Amino acid sequence: MRRAEKQITDQNEIDEVIRQSKVCRLAMTDGDQPYVLPVNFGYAPPYLYFHSAAQGRKLDILRANPKVAFVFDHLEKIKKHAQACEWGAAFVSVIGEGTAKILSSPEEKTAGLNAIMAQYSGRSFEFDPKTLERTAVIQITISNITGKKGA
């Protein structure tokens, strides 16, 4: 990171940014083209989870290339000024990289879906076996993660 004074190095602080987030932006590579999606997610370090229909572009891309990147961010305040180049933003963000795996067992899928549900509800659920069959659950093993605070 170019501006080391803005880097978040405390893992607990990084975890808190993620836990306060409502959306994860997931970046993938479709052939030679970038593809970014906003997704609901669950966080259970060292994993991120998200779900999908059992078929579709997202799964096709991940099967071809499981390497992903992700970002979480919170805009805290816009700093206005009379001069355009003096405007700024106070924000916090977390970016990272990892490898995606499409889960197959009902137990793995249940754990991933419960991580997602915990992110939004703070609780776990029972899942119907038929729902698990038609739902894809993707686990991202985080390989690199860092945070930044903007002024």
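**Asn-114.** I began with Asn-114 in this predicted model, and I noted that Asn-114 is buried, its relative accessible area being 15%. I count it as buried because the cut-off for that word is under 20% relative accessible area, and 15% is the value I have for Asn-114. Looking up its place in the fold, I found Asn-114 in helix 3, which covers residues 106-121. Setting aside residues up to four places away in sequence, I listed what Asn-114 touches, and the list reads Arg-123, Ser-124, Phe-125 and Phe-127.

**Thr-135.** I turned next to Thr-135, which I located in strand 8. Its relative accessibility is 14%, so I entered Thr-135 as buried too. I then asked myself which backbone oxygen the side chain of Thr-135 reaches. I found that the side chain reaches the backbone oxygen of Thr-131, at 2.7 Å. With residues up to four places away in sequence not counted, Thr-135 touches His-51, Ser-52, Lys-109 and Leu-113.

**Nonpolar cores.** I looked up the largest nonpolar core and found that it has 27 residues, with Met-28, Leu-48 and Phe-72 having the most contacts inside it. Several elements each supply at least two residues of this core, including helix 1 (11-20), helix 2 (57-64), strand 3 (33-39), strand 6 (67-79) and strand 7 (88-102). Strand 8, the element that holds Thr-135, gives the most to this core, with four residues. I followed Phe-72 further and, leaving aside its neighbours within four places in sequence, recorded contacts with Ile-18, Ser-21, Val-23, Cys-24, Phe-41, Leu-48, Val-92, Ser-93 and Val-94. Apart from this core I noted another one of seven residues, among them Tyr-49, Leu-113, Ile-116 and Val-137; Leu-113 had already come up as a residue touched by Thr-135.

**Cavity.** I then asked how many cavities of 30 Å³ or more a search of the whole structure finds. The search finds one, and I wrote down about 30 Å³ as the volume of the largest cavity. Its lining is made of Cys-24, Leu-26, Val-39, Phe-41, Leu-48, Tyr-49, Phe-50 and Ile-140, which I sorted as eight nonpolar residues, with no polar and no charged ones. Strand 2 (24-30) and strand 5 (47-53) each supply at least two residues of this lining, and strand 5 gives the most, with three. I marked Leu-48 in particular, since this residue appears in the lining, among the residues with the most contacts inside the 27-residue core, and in the contact list of Phe-72.

Terms used. Residues are numbered from 1 along each chain as its sequence is written. This is a predicted model: local features need pLDDT of at least 70, side-chain atom pairs count only at pLDDT 80 or more; totals for chains, interfaces and linings use all residues. Side-chain values use heavy atoms; hydrogens and water are left out. On a 1 Å grid over the protein atoms alone, a cavity is a set of points where a 1.4 Å probe fits but cannot get out, and a pocket is an open set with protein on both sides within 12 Å along at least five of seven lines; lining residues have an atom within 4 Å of a point. Grid points are joined across faces, edges and corners, and a volume is the space filled by probe spheres set on the points. Ala, Val, Leu, Ile, Met, Phe, Trp, Tyr, Cys and Pro count as nonpolar, Asp, Glu, Lys and Arg as charged, and the others, Gly among them, as polar. A nonpolar core is a set of buried Ala, Val, Leu, Ile, Met, Phe, Trp, Tyr and Cys residues joined through side-chain atoms within 4.5 Å. Buried means under 20% relative accessible area, exposed over 50%, partly exposed in between (1.4 Å probe, protein chains only). Contact means heavy atoms within 4.5 Å. A polar contact is a pair of N or O atoms within 3.5 Å; within protein, one must be able to donate a hydrogen and the other to accept it, and residues adjacent in sequence count only if both atoms are side-chain atoms.
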